[in-house]
Amino acid sequence: MARFVGDQNRLTFAYESGTYANPTGTTLQWAGLVTNHELDENPNVLEIRYANTGNRNVGLFVDGPLDYEGTFTYHPQQWEMIVFALGSNVDSGSPSPYIHTISEVNSSSGNAFTSGTLLPFMSFTIEDWKQGPSTGENFGRRVQGCIVNSLTINGTEGEPISVEVNYFAQSGTFLSGALPTIESDPSTVPFLWQHCNVHIPSGTIYNETKGFSWSINNALERRHYLNGSRVASVPVPLNRDYEFSVTLDATSERTNTLYNQYFLGGSTFNTMLAISASTGSREIFIVMSGCKMIDMTNPSPAEGVQEQTLTIKPQTCSAVVNDLEQ
């Protein structure tokens, strides 16, 4: 017997194809530099109380609908999860580097990789392993049909970029035995604060940016139909929301425009978040269109450099990724 220790944890993912919740291939994909994964497996046990028990206690426990939801955080070396969050990807450029044009998918659009009468959104499989000293002591869990509920990219000065993914899954399985084959570590430095530029509007770079947070929320909703199964049907993406928050040192050059034109003035504008570790081969450009600045904080402390935080709501978003992976 041995205690499970964090240095032996593994988190990987697999693409899904064919039918919904069906992983592709036998080699699992590298998910990035994962720092944490929390999987909430909820059997939703029902407590039934009824007459004739003769006491105040629960009369019967019944297994209810099975729900799976997880959140993992990682430092990105590549940007696959953006594809799963937005829903569509078109590759070009050959042989390498490749260009990935990532765009939004709406409820009337099908999925290029999985099929089904309910138009499933783009999905993936997660495997979470805790490794013991021998094969028989490994503890693994596989959750299939994972769909991104929300994704947030965070950047802070002096730190690696961090991504948090919250997903809903359809079903889960206990795994044991030998660890599966995993794609090799890309061995590339993760994207860092120094690789980032914020454009407001596109083309106007704010060099005094201290941090940012870009998020997409797909507002997934579960359906437990009366169909003979405890697991949920395909999660349904409802209204999609974006938010882009930027913190920067206030300057006389930019503050008037931000305040008078975009915040109080209400002008609509475009914004871009550019993260580039190597021009043409390791970069992402997130383009936000139809943006409104809904909040702008301007505190006036007696000491220190004055700081502002902008809250921007984009109407639409897309992304272009240049990397060495097809």
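These exercises walk through a predicted model of one protein, each with a worked solution.

**Exercise 1. The overall picture**

Describe the protein by its secondary structure, its extent and its burial.

Solution.
- Start with the elements. The protein has 2 helices and 23 strands.
- Next, take the extent. The C-alpha trace spans about 75 × 55 × 45 Å along its principal axes.
- Then turn to burial. The protein has 326 residues, and 40% of them count as buried.
- Add the surface. About 16,500 Å² is exposed, with carbon and sulfur atoms supplying 49% of it.
- Finish with contacts. Among those between residues at least 6 apart in sequence, 68% join residues at least 24 apart.

**Exercise 2. Strands around β21**

Find the strands that pair with β21, and name a residue pair for each.

Solution.
- Begin with β20, residues 269-278. This strand pairs with β21, residues 282-297, in the antiparallel sense over 8 bridges. Ser276 stands opposite Glu283 in β21.
- Look at the turn of this hairpin. There are 3 residues between the strands, and Gly280 takes a positive phi near 85°.
- Move to β23, residues 316-323. β21 and β23 are antiparallel and share 7 bridges. Met288 has Cys317 in β23 as its bridge partner.
- Now take β22, residues 307-313. This strand runs antiparallel to β21, and 5 bridges join the two. Thr297 is matched with Thr309 in β22.

**Exercise 3. From β16 to β22**

Trace the pairing from β16 through β19 to β22.

Solution.
- Step one links β16, residues 209-217, to β19, residues 241-249. They are antiparallel, with 8 bridges. In β19, Glu243 is the bridge partner of Ser215.
- Step two links β19 to β22. This pair is antiparallel too, with 6 bridges. Phe244 has Ile312 in β22 as its bridge partner.
- Step three ties this to the previous exercise. β22 is also joined to β21, by 5 bridges.

**Exercise 4. Two residues placed in space**

Is Thr209 buried, partly exposed or exposed, and what does it touch?

Solution.
- Locate the residue. Thr209 is found in strand β16.
- Apply the cut-offs. Buried means under 20% relative accessible area and exposed means over 50%. Thr209 has 23%, so it is partly exposed.
- List the contacts. Beyond neighbours within four places in sequence, Thr209 is in contact with Val198, Val246, Thr247 and Leu248.
- Check a distance. Ile48 is 161 residues from Thr209 along the chain, and their C-alpha atoms are separated by 56 Å.

Now repeat the accessibility step for Pro301.

Solution.
- Pro301 lies in the loop between β21 and β22.
- Its relative accessibility is 42%, so Pro301 counts as partly exposed.
- The C-alpha atoms of Pro301 and Asn9 are separated by 45 Å, with these positions 292 residues apart along the chain.

**Exercise 5. Unusual backbone geometry**

Find a cis peptide bond and two positive phi values in residues other than glycine.

Solution.
- Recall the background. Most residues other than glycine have a negative phi, and most peptide bonds are trans.
- Find the cis bond. It joins Ile200 and Pro201, with omega about -10°. Pro201 is in the loop between β15, residues 196-199, and β16.
- Take Ser187. Its phi is positive, about 60°. Ser187 sits in the loop between β14, residues 171-175, and β15. With a relative accessible area of 63%, Ser187 is exposed.
- Take Ala219. Its phi is near 50°. Ala219 lies in the loop between β16 and β17, residues 220-221. At 27% relative accessible area, Ala219 is partly exposed.

**Exercise 6. Empty space inside**

How many cavities of 30 Å³ or more does the structure hold, and what lines the largest cavity?

Solution.
- Think of the search. Rolling a probe the size of a water molecule over the atoms shows where empty space is left.
- Count. The search finds 1 cavity of 30 Å³ or more.
- Give its volume. The largest cavity holds about 70 Å³ of space.
- Name the lining. The residues are Phe13, Trp30, Ala31, Gly32, Tyr74, Gln77, Gln78, Glu80, Met81 and Pro186.
- Sort them. The lining divides into 6 nonpolar, 3 polar and 1 charged.

Conventions
Residues numbered from 1 in each chain as written. Predicted model: local features only at pLDDT ≥ 70, side-chain atom pairs only at ≥ 80, totals over all residues. Heavy atoms only, no water. 1 Å grid on protein atoms, 1.4 Å probe; cavity = no way out; pocket = protein on both sides within 12 Å on 5 of 7 lines; lining within 4 Å. Points joined across faces, edges and corners; volume = space filled by probe spheres on them. Nonpolar A, V, L, I, M, F, W, Y, C, P; charged D, E, K, R; others polar. Pairing = 2+ DSSP bridges. Helix = DSSP H or I, 4+ residues; strand = E, 2+ residues; numbered from the N terminus. Buried < 20%, exposed > 50% of the residue type's maximum accessible area, 1.4 Å probe, protein only. Contact = heavy atoms within 4.5 Å. Areas by Shrake-Rupley, 256 points an atom, 1.4 Å probe, with all protein chains shown as cover.
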